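Let's take a friendly walk through a protein model. Have the sequence and the 3D view open, and follow along step by step.

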Amino acid sequence: MGGSDAEKQQVWATIRALNDTWTKGNAAELVNFFHPEMVSINPADRKRREGQGACAAAWQLFARQATIQSWQEEEPLIQIFGDSAVVSYYYQLQCTLRGRTLLLTGRELYCLARQEGRWWVVANSFSPYPA
């Protein structure tokens, strides 16, 4: 496993900026982080979402439906493999959804590719903790 500390910090800064974007009401800007050919697998969809637009739409829908009180990442692990990176962490999200206050917890995995000097999300998967 390679990657300098500076590269790892750059990758983590990308994920932090992405999460700040959608949790603070700017979900439409996610296209600035998602690669045009991104794929996403999440517990709300039976099949994967394919493409930047479809993936961004899922985040935008959730952000429109929920009022987010807090978001926190825990224990991030950033791994770099040449021009690819894998980021995994645990999360806590407190929000109000359909009139109910919820604390959602789980794990998230991002795969990123470096193109033209910047990192793009090419794949994402998240899920709640097992029961």
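## Getting started

Helices and strands here are runs assigned by DSSP, with a helix needing at least four residues and a strand at least two, and they are numbered from the N terminus. With that in hand, you can place a residue such as T14, which is found in helix α1. Keep in mind that this is a predicted model.

Is T14 buried or exposed? T14 counts as buried, because its relative accessibility is 13% and the cut-off for buried is under 20%. Leaving aside residues up to four places away in sequence, T14 touches F33, L112 and W119.

## The sheet and its helices

Now turn to the strands. An open sheet is formed by 6 strands, in the order β2-β1-β6-β5-β4-β3, with mixed pairing. Its edge strands are β2 (49-50) and β3, each of which pairs on one side only. Helix α1 packs on this sheet and touches β1, β3, β4, β5 and β6. The direction of α1 makes about 165 degrees with that of β3. Helix α2 lies across β1, β2, β3, β4, β5 and β6, and runs at about 65 degrees to β1.

Take a look at β3 and β4 together. They pair in the antiparallel sense over 13 bridges. Two of the partnerships are easy to find: I78 has V87 in β4 as its bridge partner, and I80 has A85 in β4. The hairpin of β3 and β4 has 2 residues between the strands, and in this hairpin G82 takes a positive phi near 65 degrees.

## The nonpolar core

In soluble globular proteins, nonpolar side chains tend to be buried together. How many residues does the largest nonpolar core have in this model? It has 31 residues, and those with the most contacts inside it are W22, L30, F34, W59, V87, Y110 and L112. The elements that give two or more residues to this core are α1 (5-23), β1 (34-41), α2 (52-65), β3 (66-81), β4 (84-97), β5 (100-115) and β6 (118-128). Of these, β4 gives the most, with 7 residues.

W22 is a good residue to click on. Not counting residues up to four places away in sequence, W22 touches A27, L30, W59, F62, A63, I68, W71 and L93.

## Rings that meet

The structure holds 7 aromatic pairs. One of them joins W71 and Y91, which are stacked at 5.4 Å centre to centre, with 15 degrees between the planes. W71 lies in strand β3 and Y91 in strand β4, so this pair ties together parts that are 20 residues apart in sequence. Both rings belong to buried residues: W71 has 17% relative accessibility, and Y91 has a relative accessible area of 7%.

Another pair, Y90 with Y129, is tilted: the centres are 6.2 Å apart and there are 35 degrees between the planes. Because Y90 lies in strand β4 and Y129 in the segment after β6, the pair ties together parts 39 residues apart in sequence. Here Y90 is partly exposed, with a relative accessible area of 34%, and Y129 is partly exposed too, at 37%.

Which residues do ring pairs link into a cluster? They are W22, F62, W71 and Y91. Finally, look for a charge meeting a ring: R118 lies over the face of W120, at 3.7 Å from the ring centre.

Notes: Residues are numbered from 1 along each chain as its sequence is written. This is a predicted model: local features need pLDDT of at least 70, side-chain atom pairs count only at pLDDT 80 or more; totals for chains, interfaces and linings use all residues. Side-chain values use heavy atoms; hydrogens and water are left out. A nonpolar core is a set of buried Ala, Val, Leu, Ile, Met, Phe, Trp, Tyr and Cys residues joined through side-chain atoms within 4.5 Å. Buried means under 20% relative accessible area, exposed over 50%, partly exposed in between (1.4 Å probe, protein chains only). Contact means heavy atoms within 4.5 Å. Two strands pair if DSSP finds at least two bridges between them. Rings of Phe, Tyr and Trp (its six-membered ring) pair if their centres lie within 6.5 Å; planes under 30 degrees apart count as stacked, over 60 as edge-to-face and the rest as tilted. A charge sits over a ring if NZ of Lys or CZ of Arg is within 6 Å of the ring centre and within 35 degrees of the ring normal. Axes are lines fitted to C-alpha atoms, for helices over the stretch in contact, and angles run from 0 to 180 degrees between N-to-C directions.
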